[in-house]
Amino acid sequence: MTICLLSLALLIAPPPVLDVQDGDTITIVGGTFAERMQHFPWFEAGLREAYPELDVHVRNFGWSADEVGLQPRPYKFAGMDAHVQRVGTNVLIAAFGMNESYASDEGLDEFKQKLQAWLDHHESLQVDGEMMDIVLVSPIAHEDIGGRLPNGQAHTFDIERYTDVIRREASARDIPFVDLHRPLRTAMRGSQDLTINGIHLNSEGHRVAAREMLVRLGVDPSGLNSVTPEMLDVLRDKNRLVFERYRPINTEYVYGRRHEPYGDDNFPEEMKRLESLAQAADARL
(Lines give C-alpha, C1' and ligand atoms only; values in the text may rest on other atoms or scores of the structure.)
Protein backbone atom coordinates (compact mmCIF):
# COMPACT_ATOMS: atom_id res chain seq x y z
CA MET A 1 0.00 0.00 0.00
CA THR A 2 1.42 3.36 -1.03
CA ILE A 3 0.71 6.74 0.47
CA CYS A 4 0.38 9.44 -2.23
CA LEU A 5 0.98 12.99 -0.96
CA LEU A 6 -1.49 15.74 -1.82
CA SER A 7 -0.18 18.44 -4.12
CA LEU A 8 -1.29 22.05 -3.92
CA ALA A 9 -1.44 22.04 -7.70
CA LEU A 10 -4.05 19.29 -7.61
CA LEU A 11 -6.45 20.69 -5.03
CA ILE A 12 -9.39 20.42 -7.43
CA ALA A 13 -8.91 16.68 -7.97
CA PRO A 14 -6.33 15.38 -5.49
CA PRO A 15 -5.05 11.82 -5.86
CA PRO A 16 -6.06 9.28 -3.20
CA VAL A 17 -4.08 9.51 0.00
CA LEU A 18 -4.50 5.77 0.49
CA ASP A 19 -3.67 3.72 -2.59
CA VAL A 20 -5.19 0.43 -1.46
CA GLN A 21 -3.76 -2.67 -3.10
CA ASP A 22 -5.00 -6.24 -3.12
CA GLY A 23 -3.67 -8.17 -0.13
CA ASP A 24 -2.76 -5.08 1.92
CA THR A 25 -2.82 -5.20 5.70
CA ILE A 26 -3.85 -2.08 7.61
CA THR A 27 -2.95 -2.19 11.31
CA ILE A 28 -4.55 0.13 13.86
CA VAL A 29 -2.75 1.05 17.09
CA GLY A 30 -3.46 3.54 19.83
CA GLY A 31 -5.51 3.98 22.98
CA THR A 32 -9.17 3.45 23.81
CA PHE A 33 -10.48 5.04 20.61
CA ALA A 34 -8.40 2.61 18.56
CA GLU A 35 -9.38 -0.43 20.63
CA ARG A 36 -13.09 0.37 20.45
CA MET A 37 -12.93 0.54 16.65
CA GLN A 38 -12.98 -3.26 16.64
CA HIS A 39 -16.38 -3.23 18.37
CA PHE A 40 -17.76 -0.46 16.15
CA PRO A 41 -16.03 -1.35 12.85
CA TRP A 42 -17.50 1.41 10.71
CA PHE A 43 -14.10 2.42 9.30
CA GLU A 44 -13.30 -1.09 8.07
CA ALA A 45 -16.83 -1.51 6.72
CA GLY A 46 -16.54 1.73 4.76
CA LEU A 47 -13.13 0.72 3.45
CA ARG A 48 -14.43 -2.64 2.26
CA GLU A 49 -17.46 -1.02 0.63
CA ALA A 50 -15.14 1.35 -1.23
CA TYR A 51 -12.93 -1.51 -2.49
CA PRO A 52 -15.19 -4.58 -2.72
CA GLU A 53 -12.93 -6.27 -5.25
CA LEU A 54 -9.84 -6.18 -3.04
CA ASP A 55 -8.70 -8.60 -0.35
CA VAL A 56 -7.88 -6.10 2.42
CA HIS A 57 -6.91 -7.13 5.94
CA VAL A 58 -7.53 -4.85 8.92
CA ARG A 59 -5.91 -5.77 12.22
CA ASN A 60 -6.70 -3.86 15.41
CA PHE A 61 -3.97 -3.78 18.06
CA GLY A 62 -5.39 -0.86 20.03
CA TRP A 63 -5.09 -1.07 23.80
CA SER A 64 -7.12 1.11 26.15
CA ALA A 65 -5.08 3.85 27.88
CA ASP A 66 -2.04 3.29 25.63
CA GLU A 67 0.10 6.37 25.13
CA VAL A 68 2.61 6.97 22.39
CA GLY A 69 5.44 6.56 24.89
CA LEU A 70 3.84 4.31 27.52
CA GLN A 71 2.36 0.92 26.67
CA PRO A 72 2.42 -1.45 29.69
CA ARG A 73 2.00 -5.12 28.84
CA PRO A 74 1.73 -8.46 30.70
CA TYR A 75 4.81 -10.46 31.55
CA LYS A 76 6.65 -11.61 28.40
CA PHE A 77 3.98 -10.14 26.13
CA ALA A 78 5.48 -9.64 22.66
CA GLY A 79 6.22 -6.00 21.83
CA MET A 80 4.09 -4.10 19.33
CA ASP A 81 6.78 -4.40 16.67
CA ALA A 82 6.49 -8.18 16.75
CA HIS A 83 2.73 -8.09 16.17
CA VAL A 84 2.96 -5.40 13.49
CA GLN A 85 5.50 -7.51 11.64
CA ARG A 86 3.67 -10.80 12.28
CA VAL A 87 0.61 -9.70 10.32
CA GLY A 88 2.64 -8.14 7.48
CA THR A 89 1.54 -4.55 8.04
CA ASN A 90 1.63 -2.24 5.01
CA VAL A 91 -0.05 0.78 6.60
CA LEU A 92 0.09 1.65 10.30
CA ILE A 93 -2.72 3.90 11.55
CA ALA A 94 -1.81 5.41 14.92
CA ALA A 95 -4.35 7.16 17.15
CA PHE A 96 -2.70 8.60 20.25
CA GLY A 97 -3.06 11.80 22.25
CA MET A 98 -6.26 11.51 24.27
CA ASN A 99 -4.70 9.96 27.35
CA GLU A 100 -1.70 12.27 27.12
CA SER A 101 -3.92 15.36 26.87
CA TYR A 102 -4.85 15.09 30.55
CA ALA A 103 -1.36 16.36 31.36
CA SER A 104 -2.42 19.72 29.88
CA ASP A 105 0.34 22.34 29.37
CA GLU A 106 2.86 20.44 31.45
CA GLY A 107 2.79 17.43 29.14
CA LEU A 108 2.94 19.07 25.71
CA ASP A 109 6.73 19.07 25.29
CA GLU A 110 7.05 15.51 26.56
CA PHE A 111 4.28 14.37 24.23
CA LYS A 112 6.03 15.98 21.27
CA GLN A 113 9.34 14.32 22.15
CA LYS A 114 7.76 10.89 22.60
CA LEU A 115 5.76 11.23 19.37
CA GLN A 116 8.94 12.13 17.50
CA ALA A 117 10.76 9.14 19.00
CA TRP A 118 7.84 6.84 18.10
CA LEU A 119 7.84 8.13 14.52
CA ASP A 120 11.63 7.88 14.19
CA HIS A 121 11.40 4.24 15.19
CA HIS A 122 8.41 3.23 13.08
CA GLU A 123 9.51 5.13 9.98
CA SER A 124 12.61 2.91 9.96
CA LEU A 125 10.85 -0.33 10.93
CA GLN A 126 10.77 -2.80 8.06
CA VAL A 127 8.05 -5.39 7.47
CA ASP A 128 8.99 -8.12 5.02
CA GLY A 129 11.87 -5.94 3.86
CA GLU A 130 9.76 -2.84 3.18
CA MET A 131 8.94 0.32 5.09
CA MET A 132 5.40 0.85 6.34
CA ASP A 133 3.28 3.85 5.49
CA ILE A 134 2.13 5.70 8.60
CA VAL A 135 -1.09 7.63 9.17
CA LEU A 136 -1.57 9.78 12.26
CA VAL A 137 -5.06 10.29 13.70
CA SER A 138 -5.87 12.95 16.26
CA PRO A 139 -7.99 12.40 19.38
CA ILE A 140 -11.63 13.44 19.28
CA ALA A 141 -13.10 16.36 21.23
CA HIS A 142 -14.55 16.02 24.73
CA GLU A 143 -18.34 16.02 24.47
CA ASP A 144 -20.30 17.78 27.19
CA ILE A 145 -23.25 15.43 27.76
CA GLY A 146 -24.29 16.81 31.15
CA GLY A 147 -25.44 14.90 34.17
CA ARG A 148 -22.73 13.89 36.61
CA LEU A 149 -20.08 13.74 33.90
CA PRO A 150 -17.41 16.46 33.70
CA ASN A 151 -17.86 19.47 31.46
CA GLY A 152 -15.58 18.91 28.49
CA GLN A 153 -14.85 22.53 27.54
CA ALA A 154 -11.48 22.90 29.29
CA HIS A 155 -10.32 19.44 28.27
CA THR A 156 -11.33 20.06 24.65
CA PHE A 157 -9.02 23.09 24.66
CA ASP A 158 -6.15 20.88 25.85
CA ILE A 159 -6.97 18.20 23.26
CA GLU A 160 -6.82 20.82 20.52
CA ARG A 161 -3.26 21.73 21.49
CA TYR A 162 -2.20 18.07 21.46
CA THR A 163 -3.90 17.70 18.08
CA ASP A 164 -1.84 20.62 16.78
CA VAL A 165 1.36 18.87 17.93
CA ILE A 166 0.38 15.80 15.92
CA ARG A 167 -0.61 17.95 12.94
CA ARG A 168 2.70 19.81 12.86
CA GLU A 169 4.75 16.64 13.21
CA ALA A 170 2.80 14.96 10.42
CA SER A 171 3.29 17.99 8.19
CA ALA A 172 7.02 18.10 8.89
CA ARG A 173 7.38 14.44 7.88
CA ASP A 174 4.86 14.43 5.00
CA ILE A 175 2.76 11.88 6.87
CA PRO A 176 -0.99 11.75 6.23
CA PHE A 177 -2.91 13.26 9.14
CA VAL A 178 -6.57 12.82 10.05
CA ASP A 179 -7.98 15.59 12.25
CA LEU A 180 -10.91 14.10 14.16
CA HIS A 181 -10.89 16.78 16.83
CA ARG A 182 -12.40 19.70 14.92
CA PRO A 183 -15.08 17.85 12.91
CA LEU A 184 -16.17 15.79 15.93
CA ARG A 185 -16.30 18.94 18.05
CA THR A 186 -18.66 20.44 15.46
CA ALA A 187 -20.75 17.26 15.24
CA MET A 188 -21.07 17.16 19.02
CA ARG A 189 -23.04 20.39 18.94
CA GLY A 190 -25.96 18.46 17.46
CA SER A 191 -28.88 16.99 19.35
CA GLN A 192 -27.58 13.40 19.39
CA ASP A 193 -24.91 12.24 21.83
CA LEU A 194 -21.86 10.77 20.09
CA THR A 195 -20.12 9.41 23.19
CA ILE A 196 -21.01 7.25 26.18
CA ASN A 197 -19.14 9.41 28.70
CA GLY A 198 -17.75 12.43 26.87
CA ILE A 199 -14.54 10.88 25.51
CA HIS A 200 -15.46 7.37 24.31
CA LEU A 201 -17.52 7.24 21.13
CA ASN A 202 -20.74 5.27 20.82
CA SER A 203 -21.71 3.52 17.58
CA GLU A 204 -22.99 6.68 15.92
CA GLY A 205 -19.87 8.53 17.02
CA HIS A 206 -17.66 5.89 15.45
CA ARG A 207 -19.70 6.09 12.25
CA VAL A 208 -19.14 9.86 12.11
CA ALA A 209 -15.43 9.39 12.86
CA ALA A 210 -15.13 6.67 10.22
CA ARG A 211 -16.63 8.92 7.55
CA GLU A 212 -14.16 11.66 8.45
CA MET A 213 -11.23 9.24 8.35
CA LEU A 214 -12.25 7.91 4.94
CA VAL A 215 -12.71 11.39 3.49
CA ARG A 216 -9.39 12.64 4.85
CA LEU A 217 -7.64 9.57 3.41
CA GLY A 218 -9.16 10.06 -0.03
CA VAL A 219 -11.49 7.07 0.19
CA ASP A 220 -15.08 7.32 -1.02
CA PRO A 221 -17.24 7.25 2.15
CA SER A 222 -20.57 6.71 0.40
CA GLY A 223 -20.41 2.97 1.07
CA LEU A 224 -21.13 3.68 4.74
CA ASN A 225 -24.74 4.26 3.70
CA SER A 226 -24.92 0.64 2.55
CA VAL A 227 -23.39 -0.97 5.64
CA THR A 228 -25.82 -3.38 7.30
CA PRO A 229 -25.96 -4.58 10.91
CA GLU A 230 -25.14 -8.05 9.58
CA MET A 231 -21.90 -6.79 8.01
CA LEU A 232 -20.90 -5.10 11.25
CA ASP A 233 -21.55 -8.36 13.12
CA VAL A 234 -19.36 -10.33 10.71
CA LEU A 235 -16.58 -7.77 11.14
CA ARG A 236 -16.89 -8.00 14.92
CA ASP A 237 -16.58 -11.79 14.71
CA LYS A 238 -13.39 -11.42 12.69
CA ASN A 239 -12.05 -8.81 15.09
CA ARG A 240 -12.75 -11.11 18.03
CA LEU A 241 -10.52 -13.78 16.47
CA VAL A 242 -7.77 -11.21 15.91
CA PHE A 243 -8.14 -10.01 19.51
CA GLU A 244 -7.95 -13.52 20.97
CA ARG A 245 -4.75 -14.16 19.03
CA TYR A 246 -3.26 -10.80 20.01
CA ARG A 247 -4.42 -10.74 23.65
CA PRO A 248 -5.14 -14.27 24.90
CA ILE A 249 -7.28 -14.41 28.03
CA ASN A 250 -4.73 -16.27 30.15
CA THR A 251 -1.35 -15.00 29.05
CA GLU A 252 0.39 -16.77 31.94
CA TYR A 253 -0.20 -20.10 30.20
CA VAL A 254 0.38 -18.89 26.64
CA TYR A 255 3.82 -17.33 27.16
CA GLY A 256 4.09 -16.29 30.81
CA ARG A 257 5.27 -17.93 34.01
CA ARG A 258 3.15 -21.06 33.49
CA HIS A 259 4.05 -21.48 29.85
CA GLU A 260 6.27 -24.42 30.73
CA PRO A 261 5.21 -27.12 31.08
CA TYR A 262 1.50 -26.31 30.69
CA GLY A 263 1.31 -24.10 27.63
CA ASP A 264 4.05 -25.14 25.24
CA ASP A 265 2.22 -28.29 24.09
CA ASN A 266 -1.01 -26.82 22.78
CA PHE A 267 -0.97 -23.01 22.71
CA PRO A 268 1.42 -22.53 19.76
CA GLU A 269 -0.97 -24.54 17.59
CA GLU A 270 -3.97 -22.71 19.05
CA MET A 271 -2.42 -19.38 18.07
CA LYS A 272 -1.84 -20.61 14.53
CA ARG A 273 -5.43 -21.80 14.40
CA LEU A 274 -6.73 -18.39 15.46
CA GLU A 275 -4.66 -16.74 12.74
CA SER A 276 -6.10 -19.15 10.17
CA LEU A 277 -9.64 -18.47 11.36
CA ALA A 278 -9.11 -14.71 11.10
CA GLN A 279 -7.75 -15.10 7.57
CA ALA A 280 -10.73 -17.27 6.66
CA ALA A 281 -13.05 -14.57 8.02
CA ASP A 282 -11.29 -12.03 5.77
CA ALA A 283 -11.87 -14.30 2.80
CA ARG A 284 -15.60 -14.57 3.60
CA LEU A 285 -15.83 -10.80 3.82
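User: Which residues does Val137 touch, not counting those up to four places away in sequence?
Analyst: This is a predicted model, with local features needing pLDDT of at least 70 and side-chain atom pairs 80 or more, while totals for chains, interfaces and linings use all residues. Numbering runs from 1 along each chain as written, and side-chain values use heavy atoms, without hydrogens or water. Contact means heavy atoms within 4.5 Å. On that basis, Val137 touches Ile93, Ala94, Ala95, Phe96, Phe33, Ile166, Val178, Leu180 and Met213.

User: In the largest nonpolar core, which residues touch the most other members?
Analyst: A core here joins buried Ala, Val, Leu, Ile, Met, Phe, Trp, Tyr and Cys through side-chain atoms within 4.5 Å. This one has 44 residues. Touching the most other members are Phe33, Leu47, Ile93, Val137, Leu180 and Met213.

User: Which elements each supply at least two residues of this core?
Analyst: Elements are DSSP runs, helices (H or I) of at least four residues and strands (E) of at least two, numbered from the N terminus. The strands are β3 (25-30), β5 (91-95) and β8 (133-137). The helices are α1, α2 (42-50), α8 (203-216) and α9 (229-246).

User: How many residues are in the second, separate core?
Analyst: Phe96, Ile166, Leu241 and Tyr255 are among its members. The total for this second core is 35 residues.

User: Why does Leu108 count as buried?
Analyst: Leu108 lies in helix α5 (residues 104-124). Buried means under 20% relative accessible area (1.4 Å probe, protein chains only), with over 50% exposed and anything between partly exposed. Leu108 counts as buried because its relative accessibility is 17%.

User: How far apart are the C-alpha atoms of Leu108 and Val165?
Analyst: Leaving aside neighbours within four places, Leu108 contacts Arg161, Tyr162 and Val165. Leu108 and Val165 sit 57 residues apart along the chain, yet their C-alpha separation is 7.9 Å.
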